[in-house]
Amino acid sequence: MTGWLHVVDSHTEGEPTRVVVAGWPSATAGDMPSRRDEMRLLHDPLRRGLLLEPRGNETLVGAILTPPVSAGAVAGVVFCNDAGYLGMCVHATIGVVRTLEFLGRIGLGLVHLDTPAGPVSADLHRDGSVTVSNVAARCTALDVELDVPGLGRIAGDVAYGGNWFFLADAGGLRLERENAAALLSATKAIRSALERAGITGDDGAPIDHVELFGPARRADADARNFVLCPGAAYDRSPCGTGTSAKLAALYRRGRIAVGQRWLQEGIAGGVFEGCVRALEGDSVLPDIRGRAYVTAKATLRFDPADPYRFGL
Ligand code: PYC
């Protein structure tokens, strides 16, 4: 196994991304879902060493670059976090685009990327912001009722935006970072209740993201959210796949039109600008615009003598 990984760190509206730009074992699988499965099967200790303590922490999202699989794409990307692998990740895609720009590999304008959830494109604007044209998002169920210990009977929508989400009103829970412990325990209880009740996405896909929403603090934003990611951490950004899922639910409710802007505020106060750019059957095609900043360029060392080289 390789001894070094070359990474570039960034954050997108407060949510960190660690992009692996070199050193990861070469993919032998042909398409992006198979490459993700291959990483899970053969290289998972490296994911843990990349993201977990003592080298990282549970909030880090990894983006491992591979050669592209489709004509015209600049790279393939497999996303991962403290718990495993993500189908798609918008905040990390914004981080990848700024990283490729930082490395001099791309300039302003449109780039295409291959992900396990499908191809996406991203537009790097002159002001440094990035618009991700995400995979198709769909809302598969409205007002699903659920008994949640400690919360009682709640209702929420099931929607896909590159990952599966349960979206519910925050009710009496304050959407403030100082209240993160209570928000984490409520959203984890919802995730467990969904599992117990057998409520899933299409084809039995687990709903591993839970999004609570409420009124925005910023006068120009439409709503504020708190998003539990798979694993232990919550998203510091407004969560781009979650905003895509929210757009699908809003569209299904007739509360947003094609081309209308939706400003989604995250728990740390950052904002993503969302928009349904077009429709595709029952799905919406979401655009999400946000900002990322490169914070570090580093070489990670995996010393064979280090008992914690693959994470705690
Ligand atoms: O921005 O899509 C996103 C995301 C998913 C998990 C963390 N961030």
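This report describes the overall form of a protein chain, the surroundings of its ligand and two details of its backbone.

**Overall form**

The structure is a predicted model. Its protein chain contains five helices and 18 strands. Along the principal axes, the C-alpha atoms fill a box of roughly 50 × 40 × 35 Å. The radius of gyration of the protein chain is 19 Å, which agrees with the value near 20 Å that a compact globule of 312 residues would have.

**The ligand and its surroundings**

The ligand sits in the largest cavity. Around the ligand stand C89, V90, H91, H209, C229, D235, C239, G240 and T241. By character, this shell divides into four nonpolar residues, four polar residues and one charged residue. Two helices, α3 (90-102) and α5 (240-252), each supply at least two residues of the shell.

Three of the contacts between the ligand and the protein are set out below. In the contact of H91, the protein atom is an N or O atom of the side chain. D235 likewise contributes a polar side-chain atom, whereas G240 contributes a polar backbone atom.

| Residue | Part of the residue | Ligand atom | Distance |
|---|---|---|---|
| H91 | side chain | nitrogen | 2.9 Å |
| D235 | side chain | nitrogen | 2.8 Å |
| G240 | backbone | oxygen | 2.8 Å |

How much of the ligand's accessible area does the protein cover? On its own, the ligand has 240 Å² of accessible area, and the protein covers 99% of it.

**Two details of the backbone**

Most peptide bonds are trans, and most residues other than glycine have a negative phi. Against this background, two places in the chain deserve attention.

The first place concerns P54. The peptide bond that leads from E53 to P54 is cis, with omega near 5°. P54 belongs to the loop between α2 (44-51) and β3 (61-66).

The second place concerns D143. Although D143 is not a glycine, its phi is positive, at about 55°. Where in the chain does D143 lie? D143 is part of strand β9, which comprises residues 138-148.

Methods: Residues are numbered from 1 along each chain as its sequence is written. This is a predicted model: local features need pLDDT of at least 70, side-chain atom pairs count only at pLDDT 80 or more; totals for chains, interfaces and linings use all residues. Side-chain values use heavy atoms; hydrogens and water are left out. A residue is near a molecule or strand if one of its heavy atoms lies within 4 Å of it. A polar contact is a pair of N or O atoms within 3.5 Å; within protein, one must be able to donate a hydrogen and the other to accept it, and residues adjacent in sequence count only if both atoms are side-chain atoms. Accessible areas come from the Shrake-Rupley method with a 1.4 Å probe; for residues, only the protein chains shown count as cover. On a 1 Å grid over the protein atoms alone, a cavity is a set of points where a 1.4 Å probe fits but cannot get out, and a pocket is an open set with protein on both sides within 12 Å along at least five of seven lines; lining residues have an atom within 4 Å of a point. A molecule sits in a cavity or pocket if more than half of its atoms lie within 2 Å of its grid points. Helices (H or I, at least four residues) and strands (E, at least two) are DSSP runs, numbered from the N terminus. Ala, Val, Leu, Ile, Met, Phe, Trp, Tyr, Cys and Pro count as nonpolar, Asp, Glu, Lys and Arg as charged, and the others, Gly among them, as polar. The radius of gyration is taken over C-alpha atoms; the globule rule is 2.2 Å times the number of residues to the power 0.38.
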